[in-house]
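Let's take a walk through the spaces in this protein and see what surrounds them. Keep the structure open beside you as you read.

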Amino acid sequence: MLADKVALVTGASRGIGSEIAKTFAREGACVIVNYNGSKERAEAVAQEINAACGSGSAVTYGCNVADFAACEEMIKEIIKQFGHIDILVNNAGITRDGLVMKMSEEDFDRVIETNLKGAFHTIRHTSRYFLKQRAGRIINISSVSGIMGNAGQANYSASKAGVIGLTKSVARELASRGVTCNAIAPGFITTDMTDAMTDAAKEAVTAQIPLGRVGNVADIAEMAAFLASERAAYITGQVIAVDGGMSM
Ligand code: NAP
């Protein structure tokens, strides 16, 4: 259970992030629903949480995670408002797919800046509070693409492999103060991010999943809730694939 915990979930206006926010709130957490462009959708997520009868609650905070100074401001504001932060989920992510020989520098940089540097920015600004509290949970959303690579996703796979290196290094740095840092590597999960794929491409991916189905957002949110809880106190520096067996 996450009663009285303050949790920041980046990119929680849609998809996996919004389900993580709702799941944490169901377990009693106060959730900061971060978004970049989708203000109305983030507000709808927070409203749904606040209207539910559980003990959890939510507020929204717009901030581009690729902006170092804006992330610092967001964390300071959370501390000012709530007095502490207990759980950080780095979920915000984008794709700019294309073959490497045709990929623009801008498409490479934007994906790295959001997916990898974004996670660094929030960890950089929350870790001092986690260290002082001698407690904290960091959960980074990586991808099976960061483990296996994926044709057409050199930028994305590099960012997600980077997240794995970041996770393990941060886990080693913060472990002595009881702070854990783990990564979840989702497989193919139905969200806006994967909706753009053709039916044929989706069928081809599904054929590679031993459990025979694509994942849903709850599959990832359940793992995030576990890693955020006391039940996962002895787990750090791990990459947990939630992918129907795709990457084994
Ligand atoms: P999604 O539906 O496209 O949602 C992405 C979320 O990230 C949105 O809430 C978006 O907010 C937010 N975001 C994007 N850029 C941001 C920025 N610069 N600052 C703050 N927020 C930003 O994606 P999803 O499928 O739920 O993916 C969530 C995470 O899981 C990503 O890290 C993704 O790489 C990872 N993942 C997904 C899959 C999959 O199959 N879906 C598989 C493996 C890993 P706005 O709308 O407000 O911009």
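How far does a backbone N or O atom of N36 lie from an oxygen atom of the ligand, and what is that distance in Å? The value is 2.9 Å. Please keep in mind that this is a predicted model.

## Polar contacts with the ligand

N36 is a good place to start, with its backbone N or O atom 2.9 Å from a ligand oxygen. S38 takes part through its side chain instead: a polar atom there lies 2.5 Å from an oxygen atom of the ligand. At V65 the backbone is again involved, and here the partner is a nitrogen atom of the ligand, 3.0 Å from a backbone N or O atom. On its own the ligand has 900 Å² of accessible area, and the protein covers 94% of it.

## The shell around the ligand

There are 32 residues around the ligand, and those that come nearest are S13, S38, N91, Y156 and T191. S38 thus appears both in this nearest group and in the side-chain contact described above. Sorted by class, the shell holds 16 polar, 13 nonpolar and 3 charged residues.

Which elements build this shell, with at least two residues each? They are α1 (15-26), β2 (30-35), α6 (154-174) and α7 (192-195). Of these, α7 gives the most, with 3 residues.

## The largest pocket

The ligand takes up the space of the largest pocket, which has a volume of about 1,300 Å³. Its lining comprises 49 residues, and G93, I94, T95, Y156 and M193 lie nearest the centre. Y156 is worth finding in your viewer, as it also belongs to the residues that come nearest to the ligand.

Seven names are useful when you trace the wall: α1, β2, α4 (105-133), α5 (144-148), α6, α7 and α8 (199-206) each supply at least two lining residues. By class, the lining of the largest pocket divides into 23 polar, 20 nonpolar and 6 charged residues.

## The second largest pocket

Moving on, the second largest pocket holds about 200 Å³ of space. It is lined by 13 residues, with K5, A135, R137, A228 and E230 closest to its centre. In this lining, 6 residues are nonpolar, 4 are charged and 3 are polar.

## An enclosed cavity

How many cavities of 30 Å³ or more does the model have? The count comes to 1, and the volume of this largest cavity is about 80 Å³. Of its 13 lining residues, N90, N91, A92, N115 and A119 are the closest to the centre. N91 may look familiar, since the residues that come nearest to the ligand include it.

The elements that give two or more residues to the cavity lining are α4, β5 (136-141) and α6. The largest share, 4 residues, comes from α4, a helix that also supplies at least two residues of the lining of the largest pocket. By class, the cavity lining has 7 polar, 5 nonpolar and 1 charged residue.

Conventions. Residues are numbered from 1 along each chain as its sequence is written. This is a predicted model: local features need pLDDT of at least 70, side-chain atom pairs count only at pLDDT 80 or more; totals for chains, interfaces and linings use all residues. Side-chain values use heavy atoms; hydrogens and water are left out. A residue is near a molecule or strand if one of its heavy atoms lies within 4 Å of it. A polar contact is a pair of N or O atoms within 3.5 Å; within protein, one must be able to donate a hydrogen and the other to accept it, and residues adjacent in sequence count only if both atoms are side-chain atoms. Accessible areas come from the Shrake-Rupley method with a 1.4 Å probe; for residues, only the protein chains shown count as cover. On a 1 Å grid over the protein atoms alone, a cavity is a set of points where a 1.4 Å probe fits but cannot get out, and a pocket is an open set with protein on both sides within 12 Å along at least five of seven lines; lining residues have an atom within 4 Å of a point. A molecule sits in a cavity or pocket if more than half of its atoms lie within 2 Å of its grid points. Ala, Val, Leu, Ile, Met, Phe, Trp, Tyr, Cys and Pro count as nonpolar, Asp, Glu, Lys and Arg as charged, and the others, Gly among them, as polar. Grid points are joined across faces, edges and corners, and a volume is the space filled by probe spheres set on the points.
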